[in-house]
Amino acid sequence: MKKVMILISILVNFHFMYSQKVLMSWGQQNIEGITKEKYDDAQTLTSDQLLEKNLNDTTWCDVFLTLNASVNHQSKNQEYLKGLVNQITNSKTTNLRGTSKLIIWDRIISNDILFEGKGLVVENDLFVVAGRANQLLQNLTLKNFGYVNKSSTEKDLVKLKNKWIDFLSGKSVDEYKTVEYKNAKIPEINSLKAVEALIISIQDNQDKKELTKKCLKKIYKLDEMPKEKGPEIFCDPNTHSFAYLSMLFGDKKRDETKDAKWWKDFWATNHNKFVWNDEKGFYEIKN
């Protein structure tokens with residue numbers, strides 16, 4: 001089936017404010033399995049069907065299409081919003097498939113997602129019904145009362161649900177305040193959760209080797225990485241990850257002695273001591 005060629009009106013610019021941001025580059029063409037037929041079918045779903053779909057989505061493509069159809073057709077539907085609020089306490093978890101260039105830091109840490117160096121950073125855990133419901137509500141209302149992550153407890157979810165209930169009933173609700181990392185070079189990677197995920201991502205991984213090999217073959221017609229460094233190095237996600245880590249800790253260029261093991265040991269020893277230097281725009285170790 002043919003890939004979607006039209007520019008889908010996904011999450012228009014300001015739908016990216018709260019719960020998803022692009023790291024380096026991303027487009028709907030990166031979503032595995034998306035077709036024009038699937039896109040068109042999703043646009044015909046009723047609000048009840050979309051609520052049911054959100055409960056049962058099993059791929060990133062499925063999740064994206066639910067989100068897209070909801071933004072396009074349900075943003076003013078109060079009954080739909082209330083239905084999503086009722087899903088906020090649903091902790092059912094699905095091991096999403098087809099997650100290429102989807103970045104959820106918790107899921108990279110747990111090795112449920114392979115970090116490819118760039119993509120769409122999503123703060124909510126889309127593997128969980130509650131996370132998908134919260135993502136939908138944030139995009140439909142342009143409000144943010146907090147995120148659903150892998151460590152969210154039942155108590156956390158109830159508290160978040162009550163905030164949405166209050167908001168929909170017309171009450172004033174304080175929005176979630178994100179941590180500010182002043183003078184950050186790349187804002188999408190500055191949380192300590194992102195740092196940990198980047199360090200996990202550079203460890204030895206067979207799926208990453210296969211991804212690199214596939215890229216070299218497809219783009220450069222090569223069977224292995226050349227000894228002399230050229231643009232081919234960007235087939236290896238580690239190229240991006242090492243560069244990000246260097247930037248986050250104030251190295252002007254990559255120190256080749258800081259390999260995957262060095263970073264793993266560095267995190268294990270110091271992760272409770274990292275503080276963000278607002279003036280310099282990188283992490284330092286507090287004394």
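**View 1. Nine aromatic residues gather in one place.** Y181, F249, W262, W263, F266, W267, F274, W276 and Y283 make up one aromatic cluster. This is a predicted model, and 21 aromatic pairs are found in the structure.

**View 2. F249 and F274 meet edge-to-face.** Their ring centres are 5.0 Å apart, with 65° between the planes. The pair brings together distant parts of the chain, 25 residues apart: F249 sits in the loop between α10 (237–248) and α11 (260–270), while F274 belongs to strand β4 (residues 274–277). F249 is buried, at 14% relative accessible area, and F274 is buried too, at 8%.

**View 3. W267 also pairs with F274.** Here the centres lie 5.9 Å apart and the planes stand at 50°, so this pair is tilted. W267 counts as buried, with 14% relative accessibility.

**View 4. R254 lies over a ring face.** The ring belongs to F242, and R254 is placed 3.7 Å from its centre.

**View 5. T99 is a buried loop residue.** Look for T99 in the loop between α4 (78–86) and β2 (102–103). T99 is buried because its relative accessible area is 12%, under the 20% cut-off. Leaving aside residues up to four places away in sequence, T99 touches E32, W60, D112, I113 and F127. For W60, 39 residues away along the chain, the C-alpha atom is 5.6 Å from that of T99.

**View 6. Residues 1–17 call for some care.** Over this stretch pLDDT stays under 50, and the model has 41 contacts for it beyond four places in sequence. Where pLDDT is low, the predicted coordinates should not be read in detail. For the chain, the mean pLDDT is 92, and 94% of the residues reach 70 or more.

Conventions:
Residues numbered from 1 in each chain as written. Predicted model: local features only at pLDDT ≥ 70, side-chain atom pairs only at ≥ 80, totals over all residues. Heavy atoms only, no water. pLDDT = per-residue confidence, 0-100. Contact = heavy atoms within 4.5 Å. Helix = DSSP H or I, 4+ residues; strand = E, 2+ residues; numbered from the N terminus. Buried < 20%, exposed > 50% of the residue type's maximum accessible area, 1.4 Å probe, protein only. Phe/Tyr/Trp six-rings, centres within 6.5 Å; stacked < 30°, edge-to-face > 60°. Lys NZ or Arg CZ within 6 Å of the ring centre and 35° of its normal.
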